Structures are given as structure tokens and as C-alpha cells.
Amino acid sequence: MRIPSTTRIVNRALDLRGDALNQNDPATVRKIDTMIRNLYCGMKLKWDSGDGALVITSCNTAGASYRVGQQSCTCPAYSYCNHLRLRDLLIDMAETDAETADMAAS
Ligand SMILES: [Zn+2]
């Protein structure tokens, strides 16, 4: 699975932010804002070809990187952290891309 460009990820995040605004969900809006800030500050993303985890290199904590699996993340946050949110977003984007490719092929 390829990682889309930062611009595409941010555009998708802004869509979700708009949904959260419409649903009056300021907590989610704040989390998405943080995620977008991190994307712009140079957070590095890659998929581990071994176990499929998303590996995120932090831009706030020098040298820190987190592994994000289906339900869990190695960062110190307890709840649904931004890394899990970002992983869901990337998977969602990959699925949408696959559907679009199917439509183009048929
Ligand atoms: Zn995390």
C-alpha cells in the first residue's frame, strides 16, 4: 500500500474535519487539527512490509517512532490516538482509490 502525498492526506483530513464540525464534535475537530499540524511539520509515514503496521516517525519528539497496528499504537496516549486515526484515514483512502481504479477499469 502506498502512502498518498501529504496534500492528499490533508485534504481528506479536512473533509473529516468538516464532517466533525457539522456534527458539533469539537473534540474530533481539535484532534484532526493536531493531525494536520503534525503532517505539515514533517511526520514520516511508512507501512512495515512485515506485519503491515504503520510506522510513524514523530516530528515533536526527536527520535521517537510509533507502530500502529489495527487496534493499538505504541505511543503513550491511552485513548484513540491520532496515530490510529491517521491509520484509519490512510486505509480508507486506499480503499477509495481501489474502488476508483475498479470503476475506471470497467
Ligand atoms: Zn498513538
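## Exercises on strands, helices and core

Once neighbours within four places in sequence are set aside, Cys 73 has contacts with Tyr 66, Val 68, Cys 81, His 83 and Leu 84, a contact being a pair of residues whose C-beta atoms, placed from the backbone, lie within 7 Å. The model is predicted, and local features need pLDDT of at least 70, side-chain atom pairs count only at pLDDT 80 or more, and totals for chains, interfaces and linings use all residues. Residues are numbered from 1 along each chain as its sequence is written.

**Exercise 1.** Work out the strand order of the open sheet, and explain which strands stand at its edges.

*Solution.* Start with the elements: helices (H or I, at least four residues) and strands (E, at least two) are DSSP runs, numbered from the N terminus. The open sheet has three strands in the order S1-S2-S3, paired in the antiparallel sense, where pairing requires that DSSP find at least two bridges between two strands. Strand S1 (44-47) and strand S3 (65-68) each have a single partner strand, so they stand at the edges and one side of each has no neighbour in the sheet. Neighbouring strands are turned against each other by 20° on average, direction ignored.

Next, take the pairs one at a time. S1 and S2 are joined antiparallel through four bridges, and Lys 44 has Thr 57 in S2 as its bridge partner. These two strands form a hairpin with six residues between them, and Gly 52 in the turn has a positive phi of about 75°. On the other side, strand S2 (residues 54-57) runs antiparallel to S3, with four bridges between them; here Ile 56 has Tyr 66 in S3 as its bridge partner, while Val 55 lies opposite Arg 67.

**Exercise 2.** Assign the residues of S3 to a covered and an uncovered face, and identify the helix that packs on the sheet.

*Solution.* In a regular strand the side chains alternate between the two faces of the sheet. The residues of S3 divide into a covered face, with Tyr 66 and Val 68, and an uncovered face, with Ser 65 and Arg 67. As for the helix, S2 and S3 are joined by four bridges, and helix H3 (residues 82-105) packs on the sheet by touching both of these strands, its direction making about 55° with that of S3.

**Exercise 3.** List the members of the largest nonpolar core, and state which element supplies the largest share.

*Solution.* The eleven residues of the largest nonpolar core are Ile 32, Met 35, Met 43, Leu 54, Ile 56, Tyr 66, Val 68, Cys 73, Leu 84, Leu 86 and Leu 90. Such a core is a set of buried Ala, Val, Leu, Ile, Met, Phe, Trp, Tyr and Cys residues joined through C-beta atoms within 7 Å; buried means 20 or more other C-beta atoms within 10 Å of a residue's own, exposed means 12 or fewer, and partly exposed lies in between. Helix H2 (26-40), S2, S3 and H3 each contribute at least two core residues, and the largest share, three residues, comes from H3. The buried residues of H3 are Asn 82, His 83, Leu 84, Leu 86, Arg 87 and Leu 90, and they pack against H2, S2 and S3.

**Exercise 4.** Classify the packing of H2 against H3 and of H1 against H2 by angle.

*Solution.* Axes are lines fitted to C-alpha atoms, for helices over the stretch in contact, and angles run from 0 to 180 degrees between N-to-C directions. Angles under 35 degrees count as roughly parallel, over 145 as roughly antiparallel, 65 to 115 as roughly perpendicular and the rest as oblique. The axes of H2 and H3 are 10 Å apart and the helices pack at about 80°, so the two are roughly perpendicular. Lys 31, Thr 34, Met 35 and Asn 38 of H2 meet Asn 82, Arg 85 and Leu 86 of H3 in this contact. Helix H1 and H2, by comparison, have axes that come within 9 Å and cross at roughly 170°, and these helices are therefore roughly antiparallel.

**Exercise 5.** Decide whether Asn 24 and Asn 38 are buried, exposed or partly exposed, and give the reason.

*Solution.* Asn 24 lies in the loop between helix H1 (6-22) and H2, and because it has 8 C-beta neighbours inside 10 Å, Asn 24 counts as exposed. Although not a glycine, Asn 24 has a positive phi of about 55°. Asn 38, in helix H2, has 17 C-beta neighbours inside 10 Å and therefore counts as partly exposed. Leaving out residues up to four places away in sequence, Asn 38 touches Met 43, Cys 59 and Asn 82.

Note on methods
Contact = placed C-beta atoms within 7 Å.
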